[in-house]
Amino acid sequence: METLILVVVIAVVAIGLAGYFVVGSRRRSVTPPPTRTPVEPSVGEDAQPLPEAPSRTVDTLDLPETVEAPEAPAVPETVPETLPPLEVPEPTAGRLVRLRARLARSQTTLGKGLLALLAREHLDEDTWEEIEDTLLTADVGVQPTQELVERLRTRVKVLGTRTPADLRALLHEELLALVGTEYDRSLTTTKAADGSPGVLMVVGVNGTGKTTTTGKLARVLVADGHSVVLGAADTFRAAAADQLQTWGERVGARTVRGPEGGDPASVAFDAVKEGIAEGVDTVLIDTAGRLHTKTGLMDELGKVKRVVEKHGPVDEVLLVLDATTGQNGLVQARVFAEVVNITGIVLTKLDGTAKGGIVVAVQRELGVPVKLIGLGEGPDDLAPFEPSAFVDALIGD
Ligand code: GDP
(Lines give C-alpha, C1' and ligand atoms only; values in the text may rest on other atoms or scores of the structure.)
Protein backbone atom coordinates (compact mmCIF):
# COMPACT_ATOMS: atom_id res chain seq x y z
CA MET A 1 0.00 0.00 0.00
CA GLU A 2 2.77 2.34 0.93
CA THR A 3 4.43 1.59 -2.38
CA LEU A 4 1.18 2.48 -4.18
CA ILE A 5 0.91 5.82 -2.37
CA LEU A 6 4.55 6.60 -3.22
CA VAL A 7 3.95 5.80 -6.90
CA VAL A 8 0.85 8.07 -6.94
CA VAL A 9 2.78 10.95 -5.30
CA ILE A 10 5.65 10.64 -7.77
CA ALA A 11 3.18 10.59 -10.68
CA VAL A 12 1.39 13.74 -9.42
CA VAL A 13 4.68 15.58 -8.95
CA ALA A 14 5.88 14.53 -12.44
CA ILE A 15 2.63 15.72 -14.11
CA GLY A 16 2.83 19.05 -12.23
CA LEU A 17 6.40 19.71 -13.35
CA ALA A 18 5.63 18.81 -16.98
CA GLY A 19 2.67 21.23 -16.99
CA TYR A 20 4.81 24.06 -15.63
CA PHE A 21 7.42 23.69 -18.39
CA VAL A 22 4.83 23.53 -21.19
CA VAL A 23 3.03 26.72 -20.06
CA GLY A 24 6.37 28.49 -19.46
CA SER A 25 7.62 27.77 -22.96
CA ARG A 26 4.34 29.05 -24.47
CA ARG A 27 4.65 32.22 -22.47
CA ARG A 28 8.19 32.84 -23.87
CA SER A 29 7.02 32.41 -27.48
CA VAL A 30 4.46 35.25 -27.19
CA THR A 31 6.84 37.65 -25.54
CA PRO A 32 7.09 40.80 -27.73
CA PRO A 33 10.52 41.45 -29.25
CA PRO A 34 12.67 43.84 -27.30
CA THR A 35 12.09 47.43 -28.37
CA ARG A 36 14.97 49.49 -29.76
CA THR A 37 16.19 52.39 -27.73
CA PRO A 38 14.77 55.49 -29.45
CA VAL A 39 17.35 57.73 -31.09
CA GLU A 40 15.55 60.85 -29.95
CA PRO A 41 14.64 60.88 -26.26
CA SER A 42 10.91 60.75 -25.79
CA VAL A 43 9.34 63.90 -24.41
CA GLY A 44 6.23 62.14 -23.12
CA GLU A 45 5.27 62.61 -19.46
CA ASP A 46 6.09 59.08 -18.35
CA ALA A 47 9.22 58.87 -20.46
CA GLN A 48 12.14 57.44 -18.61
CA PRO A 49 15.22 59.63 -18.71
CA LEU A 50 17.96 58.11 -20.82
CA PRO A 51 21.09 57.22 -18.97
CA GLU A 52 23.51 60.05 -19.35
CA ALA A 53 26.40 59.47 -21.67
CA PRO A 54 29.65 59.59 -19.80
CA SER A 55 30.98 63.08 -20.45
CA ARG A 56 34.53 63.47 -21.66
CA THR A 57 36.39 65.98 -19.68
CA VAL A 58 39.57 67.79 -20.62
CA ASP A 59 41.30 65.59 -18.08
CA THR A 60 40.28 62.42 -19.84
CA LEU A 61 41.56 63.81 -23.19
CA ASP A 62 44.95 64.08 -21.61
CA LEU A 63 45.79 67.32 -23.36
CA PRO A 64 49.08 69.02 -22.70
CA GLU A 65 48.67 72.00 -20.48
CA THR A 66 49.54 74.53 -23.16
CA VAL A 67 46.61 73.52 -25.39
CA GLU A 68 43.54 75.62 -24.73
CA ALA A 69 40.03 74.73 -25.73
CA PRO A 70 39.25 76.72 -28.90
CA GLU A 71 36.90 79.61 -28.48
CA ALA A 72 33.64 79.56 -30.39
CA PRO A 73 34.00 81.82 -33.43
CA ALA A 74 32.48 85.20 -32.90
CA VAL A 75 29.32 85.76 -34.96
CA PRO A 76 29.96 88.79 -37.16
CA GLU A 77 27.41 91.54 -36.82
CA THR A 78 27.18 92.04 -40.57
CA VAL A 79 27.67 89.53 -43.37
CA PRO A 80 31.03 90.23 -44.97
CA GLU A 81 31.03 91.33 -48.61
CA THR A 82 32.33 88.24 -50.35
CA LEU A 83 31.23 89.07 -53.89
CA PRO A 84 33.87 90.69 -56.07
CA PRO A 85 33.07 94.18 -57.31
CA LEU A 86 31.12 94.29 -60.55
CA GLU A 87 33.14 94.82 -63.69
CA VAL A 88 32.28 97.51 -66.17
CA PRO A 89 32.50 95.96 -69.62
CA GLU A 90 34.01 97.95 -72.42
CA PRO A 91 31.49 99.65 -74.74
CA THR A 92 30.90 97.63 -77.87
CA ALA A 93 31.29 100.49 -80.31
CA GLY A 94 34.75 100.42 -81.81
CA ARG A 95 35.71 97.01 -80.49
CA LEU A 96 36.39 95.74 -83.96
CA VAL A 97 38.81 98.58 -84.54
CA ARG A 98 40.68 97.74 -81.37
CA LEU A 99 40.80 94.10 -82.36
CA ARG A 100 41.65 94.83 -85.95
CA ALA A 101 45.36 94.48 -85.44
CA ARG A 102 44.84 90.97 -84.13
CA LEU A 103 42.55 90.05 -87.01
CA ALA A 104 44.81 91.60 -89.62
CA ARG A 105 47.79 89.70 -88.27
CA SER A 106 46.04 86.38 -88.68
CA GLN A 107 44.38 87.08 -92.00
CA THR A 108 47.41 88.11 -94.02
CA THR A 109 47.34 85.08 -96.26
CA LEU A 110 43.96 86.01 -97.68
CA GLY A 111 43.88 89.77 -98.23
CA LYS A 112 47.55 90.52 -98.58
CA GLY A 113 48.12 87.37 -100.60
CA LEU A 114 45.43 88.37 -103.08
CA LEU A 115 46.78 91.90 -103.39
CA ALA A 116 50.29 90.64 -104.10
CA LEU A 117 49.02 88.27 -106.77
CA LEU A 118 46.83 90.88 -108.45
CA ALA A 119 49.78 93.29 -108.56
CA ARG A 120 51.88 90.94 -110.68
CA GLU A 121 52.91 92.33 -113.99
CA HIS A 122 51.51 89.43 -115.96
CA LEU A 123 48.21 88.04 -114.80
CA ASP A 124 48.54 84.71 -116.59
CA GLU A 125 46.48 81.57 -116.04
CA ASP A 126 48.88 80.31 -113.38
CA THR A 127 48.40 83.50 -111.40
CA TRP A 128 44.61 83.24 -111.62
CA GLU A 129 44.89 79.69 -110.40
CA GLU A 130 46.98 80.89 -107.48
CA ILE A 131 44.35 83.49 -106.70
CA GLU A 132 41.72 80.78 -106.76
CA ASP A 133 43.81 78.55 -104.48
CA THR A 134 44.33 81.41 -102.03
CA LEU A 135 40.58 81.89 -101.75
CA LEU A 136 39.88 78.17 -101.42
CA THR A 137 42.58 77.76 -98.78
CA ALA A 138 40.96 80.56 -96.79
CA ASP A 139 37.69 78.54 -96.73
CA VAL A 140 35.77 80.95 -98.96
CA GLY A 141 34.10 77.96 -100.65
CA VAL A 142 34.08 76.76 -104.25
CA GLN A 143 31.10 78.65 -105.61
CA PRO A 144 31.92 82.05 -104.08
CA THR A 145 35.57 81.63 -105.15
CA GLN A 146 34.63 81.05 -108.77
CA GLU A 147 32.28 84.02 -108.75
CA LEU A 148 34.93 86.29 -107.27
CA VAL A 149 37.66 85.18 -109.66
CA GLU A 150 35.31 85.77 -112.59
CA ARG A 151 34.51 89.29 -111.44
CA LEU A 152 38.14 90.11 -110.71
CA ARG A 153 39.22 88.93 -114.18
CA THR A 154 36.65 91.19 -115.83
CA ARG A 155 37.35 94.20 -113.65
CA VAL A 156 41.14 93.95 -113.86
CA LYS A 157 40.85 93.94 -117.67
CA VAL A 158 38.71 97.09 -117.57
CA LEU A 159 41.05 98.72 -115.08
CA GLY A 160 44.01 98.76 -117.47
CA THR A 161 46.81 100.10 -115.33
CA ARG A 162 46.82 98.55 -111.89
CA THR A 163 48.15 100.88 -109.22
CA PRO A 164 48.29 99.44 -105.68
CA ALA A 165 45.59 101.91 -104.61
CA ASP A 166 43.33 100.85 -107.49
CA LEU A 167 43.78 97.20 -106.68
CA ARG A 168 43.14 97.72 -103.01
CA ALA A 169 39.92 99.62 -103.74
CA LEU A 170 38.79 96.99 -106.23
CA LEU A 171 39.51 94.10 -103.93
CA HIS A 172 37.82 95.84 -101.01
CA GLU A 173 34.70 96.38 -103.07
CA GLU A 174 34.57 92.81 -104.33
CA LEU A 175 35.28 91.18 -100.97
CA LEU A 176 32.68 93.40 -99.35
CA ALA A 177 30.12 92.32 -101.95
CA LEU A 178 31.02 88.71 -101.19
CA VAL A 179 30.69 89.13 -97.42
CA GLY A 180 27.39 90.91 -98.03
CA THR A 181 26.16 94.29 -96.93
CA GLU A 182 22.47 93.57 -97.31
CA TYR A 183 22.04 91.28 -94.29
CA ASP A 184 20.40 92.54 -91.12
CA ARG A 185 23.09 91.78 -88.55
CA SER A 186 21.39 93.38 -85.57
CA LEU A 187 20.49 91.25 -82.56
CA THR A 188 16.97 91.27 -81.18
CA THR A 189 17.64 91.53 -77.48
CA THR A 190 15.07 93.96 -76.18
CA LYS A 191 11.76 93.42 -74.43
CA ALA A 192 8.66 92.57 -76.42
CA ALA A 193 5.68 94.92 -76.51
CA ASP A 194 4.13 93.05 -73.57
CA GLY A 195 7.22 93.71 -71.44
CA SER A 196 8.55 90.15 -71.57
CA PRO A 197 12.32 89.83 -72.07
CA GLY A 198 14.06 89.22 -75.36
CA VAL A 199 15.05 85.53 -75.41
CA LEU A 200 18.25 84.30 -77.07
CA MET A 201 19.38 80.70 -77.35
CA VAL A 202 23.05 79.97 -77.97
CA VAL A 203 23.63 76.64 -79.73
CA GLY A 204 26.66 74.84 -81.11
CA VAL A 205 28.95 71.86 -80.67
CA ASN A 206 30.85 71.65 -77.38
CA GLY A 207 34.27 73.22 -77.59
CA THR A 208 33.31 75.84 -80.17
CA GLY A 209 33.17 78.51 -77.48
CA LYS A 210 29.44 78.47 -76.79
CA THR A 211 29.53 79.10 -73.05
CA THR A 212 32.31 81.66 -73.38
CA THR A 213 30.31 83.44 -76.07
CA THR A 214 27.18 83.44 -73.90
CA GLY A 215 29.22 85.00 -71.10
CA LYS A 216 30.83 87.56 -73.39
CA LEU A 217 27.45 88.39 -74.88
CA ALA A 218 26.05 89.02 -71.41
CA ARG A 219 28.85 91.57 -70.98
CA VAL A 220 28.07 93.17 -74.35
CA LEU A 221 24.43 93.54 -73.35
CA VAL A 222 25.25 94.87 -69.90
CA ALA A 223 27.69 97.33 -71.52
CA ASP A 224 24.83 98.50 -73.67
CA GLY A 225 22.65 99.08 -70.60
CA HIS A 226 20.59 95.86 -70.63
CA SER A 227 19.64 93.78 -67.60
CA VAL A 228 20.29 90.09 -68.20
CA VAL A 229 19.39 86.66 -66.78
CA LEU A 230 21.47 83.67 -67.87
CA GLY A 231 20.13 80.13 -68.28
CA ALA A 232 22.71 77.36 -67.83
CA ALA A 233 20.93 74.74 -69.92
CA ASP A 234 24.17 72.96 -70.81
CA THR A 235 23.57 70.52 -67.97
CA PHE A 236 25.68 67.78 -69.55
CA ARG A 237 29.13 69.32 -69.58
CA ALA A 238 30.49 69.34 -66.06
CA ALA A 239 31.43 72.86 -65.00
CA ALA A 240 29.55 74.60 -67.83
CA ALA A 241 27.06 76.04 -65.34
CA ASP A 242 29.85 77.18 -62.99
CA GLN A 243 31.65 78.76 -65.93
CA LEU A 244 28.53 80.65 -66.99
CA GLN A 245 27.71 81.73 -63.46
CA THR A 246 31.19 83.19 -63.08
CA TRP A 247 30.70 85.22 -66.26
CA GLY A 248 27.33 86.42 -64.96
CA GLU A 249 28.58 87.35 -61.51
CA ARG A 250 31.27 89.56 -62.98
CA VAL A 251 28.62 91.83 -64.47
CA GLY A 252 25.79 91.29 -61.99
CA ALA A 253 23.66 88.93 -64.09
CA ARG A 254 21.84 86.13 -62.28
CA THR A 255 22.32 82.57 -63.56
CA VAL A 256 19.51 80.04 -63.38
CA ARG A 257 20.85 76.51 -63.21
CA GLY A 258 19.67 72.97 -62.53
CA PRO A 259 21.22 69.75 -61.31
CA GLU A 260 24.12 68.35 -63.34
CA GLY A 261 22.73 65.98 -65.96
CA GLY A 262 19.24 67.40 -65.36
CA ASP A 263 16.68 68.30 -67.99
CA PRO A 264 18.05 71.22 -70.08
CA ALA A 265 14.56 72.22 -71.20
CA SER A 266 13.36 72.76 -67.65
CA VAL A 267 16.40 74.93 -66.84
CA ALA A 268 15.73 76.99 -69.95
CA PHE A 269 12.07 77.31 -69.01
CA ASP A 270 12.95 78.40 -65.46
CA ALA A 271 15.44 80.95 -66.77
CA VAL A 272 12.81 82.67 -68.88
CA LYS A 273 10.36 82.49 -65.98
CA GLU A 274 12.95 84.17 -63.76
CA GLY A 275 13.63 86.76 -66.44
CA ILE A 276 9.93 87.59 -66.66
CA ALA A 277 9.63 87.75 -62.86
CA GLU A 278 12.65 90.06 -62.58
CA GLY A 279 11.49 92.16 -65.51
CA VAL A 280 14.90 92.00 -67.22
CA ASP A 281 15.54 93.01 -70.82
CA THR A 282 17.18 89.82 -72.04
CA VAL A 283 17.44 86.12 -71.17
CA LEU A 284 20.45 84.30 -72.64
CA ILE A 285 20.27 80.51 -72.72
CA ASP A 286 23.40 78.40 -73.09
CA THR A 287 22.54 74.94 -74.44
CA ALA A 288 24.25 71.56 -74.59
CA GLY A 289 25.94 70.70 -77.87
CA ARG A 290 26.48 66.99 -77.88
CA LEU A 291 26.63 65.70 -81.40
CA HIS A 292 26.72 62.00 -80.53
CA THR A 293 23.72 61.33 -82.65
CA LYS A 294 21.84 63.72 -84.81
CA THR A 295 18.52 62.40 -83.54
CA GLY A 296 19.52 62.98 -79.92
CA LEU A 297 20.52 66.53 -80.70
CA MET A 298 17.32 67.18 -82.60
CA ASP A 299 15.20 65.87 -79.76
CA GLU A 300 17.06 67.84 -77.14
CA LEU A 301 17.39 71.21 -78.84
CA GLY A 302 13.96 71.02 -80.37
CA LYS A 303 12.51 70.31 -76.94
CA VAL A 304 14.41 73.17 -75.28
CA LYS A 305 13.07 75.58 -77.87
CA ARG A 306 9.50 74.28 -77.68
CA VAL A 307 9.47 74.43 -73.89
CA VAL A 308 10.90 77.96 -73.83
CA GLU A 309 8.27 79.01 -76.36
CA LYS A 310 5.56 78.25 -73.82
CA HIS A 311 6.54 81.65 -72.38
CA GLY A 312 6.63 83.35 -75.80
CA PRO A 313 8.74 83.37 -78.96
CA VAL A 314 12.50 82.88 -78.97
CA ASP A 315 13.95 86.02 -80.56
CA GLU A 316 17.34 84.73 -81.63
CA VAL A 317 18.97 81.34 -82.05
CA LEU A 318 22.69 81.98 -82.40
CA LEU A 319 24.86 79.22 -83.81
CA VAL A 320 28.42 79.27 -82.51
CA LEU A 321 31.03 77.95 -84.95
CA ASP A 322 34.76 77.64 -84.44
CA ALA A 323 36.36 79.43 -87.41
CA THR A 324 39.41 77.19 -87.24
CA THR A 325 37.43 74.04 -88.09
CA GLY A 326 36.71 74.94 -91.74
CA GLN A 327 34.62 72.34 -93.55
CA ASN A 328 33.78 70.63 -90.28
CA GLY A 329 32.13 73.84 -89.13
CA LEU A 330 30.00 73.86 -92.26
CA VAL A 331 28.84 70.31 -91.60
CA GLN A 332 27.85 71.30 -88.05
CA ALA A 333 26.03 74.34 -89.40
CA ARG A 334 23.97 72.15 -91.73
CA VAL A 335 22.96 69.77 -88.92
CA PHE A 336 21.95 72.55 -86.53
CA ALA A 337 20.00 74.36 -89.23
CA GLU A 338 17.87 71.24 -89.66
CA VAL A 339 17.05 71.21 -85.97
CA VAL A 340 16.37 74.82 -85.11
CA ASN A 341 15.71 78.00 -86.99
CA ILE A 342 19.06 79.76 -86.77
CA THR A 343 18.87 83.54 -86.89
CA GLY A 344 22.54 84.41 -86.63
CA ILE A 345 26.05 82.98 -86.60
CA VAL A 346 28.81 83.65 -84.12
CA LEU A 347 32.24 82.84 -85.53
CA THR A 348 34.69 82.28 -82.71
CA LYS A 349 38.48 82.02 -82.72
CA LEU A 350 38.96 84.21 -85.76
CA ASP A 351 42.11 85.34 -83.97
CA GLY A 352 43.51 81.84 -84.36
CA THR A 353 43.07 81.31 -88.07
CA ALA A 354 44.06 82.77 -91.40
CA LYS A 355 40.85 81.41 -92.86
CA GLY A 356 38.46 84.36 -92.66
CA GLY A 357 36.74 83.04 -95.79
CA ILE A 358 34.53 80.88 -93.57
CA VAL A 359 32.40 84.01 -93.03
CA VAL A 360 31.41 83.92 -96.69
CA ALA A 361 31.00 80.15 -96.87
CA VAL A 362 28.80 79.75 -93.81
CA GLN A 363 26.52 82.61 -94.74
CA ARG A 364 26.04 81.06 -98.17
CA GLU A 365 25.44 77.67 -96.62
CA LEU A 366 22.72 78.81 -94.24
CA GLY A 367 21.50 82.05 -95.78
CA VAL A 368 21.94 83.52 -92.30
CA PRO A 369 24.31 86.38 -91.41
CA VAL A 370 27.36 86.30 -89.18
CA LYS A 371 26.34 88.65 -86.38
CA LEU A 372 29.19 88.38 -83.92
CA ILE A 373 32.82 87.36 -84.03
CA GLY A 374 35.13 86.09 -81.32
CA LEU A 375 38.63 87.46 -81.52
CA GLY A 376 40.28 86.14 -78.41
CA GLU A 377 39.82 84.70 -74.95
CA GLY A 378 39.58 88.06 -73.21
CA PRO A 379 36.22 88.96 -71.66
CA ASP A 380 35.57 91.77 -74.13
CA ASP A 381 36.88 89.92 -77.20
CA LEU A 382 33.48 89.57 -78.82
CA ALA A 383 32.60 92.11 -81.47
CA PRO A 384 29.57 92.87 -83.59
CA PHE A 385 30.39 91.82 -87.14
CA GLU A 386 30.92 94.83 -89.39
CA PRO A 387 31.58 93.78 -93.00
CA SER A 388 33.61 96.82 -94.02
CA ALA A 389 35.86 96.75 -90.97
CA PHE A 390 36.29 93.01 -91.49
CA VAL A 391 37.35 93.43 -95.12
CA ASP A 392 39.71 96.25 -94.09
CA ALA A 393 41.28 93.86 -91.64
CA LEU A 394 41.54 91.15 -94.31
CA ILE A 395 43.39 93.42 -96.72
CA GLY A 396 45.51 95.06 -94.04
CA ASP A 397 47.13 98.46 -94.19
P1 GDP B 1 31.76 75.27 -75.22
O2 GDP B 1 32.04 73.85 -74.90
O3 GDP B 1 31.31 75.42 -76.64
O4 GDP B 1 30.86 75.94 -74.26
O5 GDP B 1 33.19 75.99 -75.21
P6 GDP B 1 33.83 77.04 -74.18
O7 GDP B 1 33.02 78.27 -74.12
O8 GDP B 1 34.12 76.36 -72.92
O9 GDP B 1 35.18 77.42 -74.97
C10 GDP B 1 36.16 76.49 -75.33
C11 GDP B 1 37.50 77.19 -75.41
O12 GDP B 1 37.53 78.10 -76.51
C13 GDP B 1 37.83 78.01 -74.18
O14 GDP B 1 39.18 77.80 -73.86
C15 GDP B 1 37.63 79.44 -74.65
O16 GDP B 1 38.42 80.37 -73.95
C17 GDP B 1 38.04 79.35 -76.09
N18 GDP B 1 37.47 80.42 -76.92
C19 GDP B 1 36.17 80.78 -77.03
N20 GDP B 1 36.03 81.80 -77.91
C21 GDP B 1 37.28 82.11 -78.36
C22 GDP B 1 37.81 83.08 -79.30
O23 GDP B 1 37.10 83.87 -79.92
N24 GDP B 1 39.16 83.06 -79.50
C25 GDP B 1 39.97 82.18 -78.86
N26 GDP B 1 41.27 82.23 -79.13
N27 GDP B 1 39.52 81.28 -77.99
C28 GDP B 1 38.19 81.23 -77.73
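These legends go with close-up views of a predicted model, covering its ligand, its pockets and its one cavity of 30 Å³ or more.

**View 1. The ligand and the residues around it.** Zoom in on the ligand and you find 18 residues surrounding it. Gly207, Lys210, Thr211, Thr212 and Glu377 are the closest of them. Sorted by class, this shell has 10 polar and six charged residues, plus two nonpolar ones. Helix α8, which covers residues 210-223, chips in with four residues, the most that any element gives to the shell.

**View 2. Polar contacts to ligand oxygens.** Here the focus is on three spots where the protein meets an oxygen atom of the ligand. At Glu377, a polar side-chain atom lies 2.6 Å from a ligand oxygen. Glu377 also turns up among the closest residues of the shell. For Arg237, an N or O atom of the side chain is 3.2 Å from an oxygen of the ligand. Gly374 uses its backbone instead: a polar atom there is 3.3 Å from a ligand oxygen. As for cover, the ligand on its own would expose 580 Å², and the protein buries 81% of that.

**View 3. The largest pocket, where the ligand sits.** Which pocket does the ligand take up? The ligand's space is the largest pocket. This pocket holds about 270 Å³ of space. It is lined by 18 residues, and Thr208, Gly209, Thr212, Thr348 and Lys349 are the closest to its centre. Thr212 is thus one of the closest residues to the pocket centre and also one of the closest to the ligand. Helix α8 leads again, giving five residues to the lining, the most of any element. The class count for this lining is 11 polar, six charged and one nonpolar.

**View 4. The second largest pocket.** Moving on, the second largest pocket offers about 160 Å³ of space. Its lining is made up of Thr92, Arg185, Ser186, Leu187, Thr189, Val220, Leu221, Asp224, Lys371, Leu372, Pro384 and Phe385. Two elements give two or more residues each to this lining: helix α8 and strand β7, residues 370-374. So α8 shows up once more, having also given residues to the lining of the largest pocket. By class, the second largest pocket is lined by six nonpolar, three polar and three charged residues.

**View 5. The largest cavity.** How many cavities of 30 Å³ or more are there? The count comes to one. The largest cavity has a volume of about 50 Å³. Around it sit Leu110, Val140, Leu175, Leu178, Val179, Gly356, Gly357, Val360, Phe390 and Leu394. Helices α7 (164-179) and α14 (387-395) are the elements that give two or more residues to this lining. Of these, α7 gives the most, with three. What about charge in the lining of the largest cavity? There are no charged residues here, just eight nonpolar and two polar ones.

Definitions and conventions: Residues numbered from 1 in each chain as written. Predicted model: local features only at pLDDT ≥ 70, side-chain atom pairs only at ≥ 80, totals over all residues. Heavy atoms only, no water. Near = heavy atom within 4 Å. Polar contact = N/O pair within 3.5 Å; in protein donor to acceptor, adjacent residues only side chain to side chain. Areas by Shrake-Rupley, 256 points an atom, 1.4 Å probe, with all protein chains shown as cover. 1 Å grid on protein atoms, 1.4 Å probe; cavity = no way out; pocket = protein on both sides within 12 Å on 5 of 7 lines; lining within 4 Å. Sits in = over half its atoms within 2 Å of the grid points. Nonpolar A, V, L, I, M, F, W, Y, C, P; charged D, E, K, R; others polar. Points joined across faces, edges and corners; volume = space filled by probe spheres on them.
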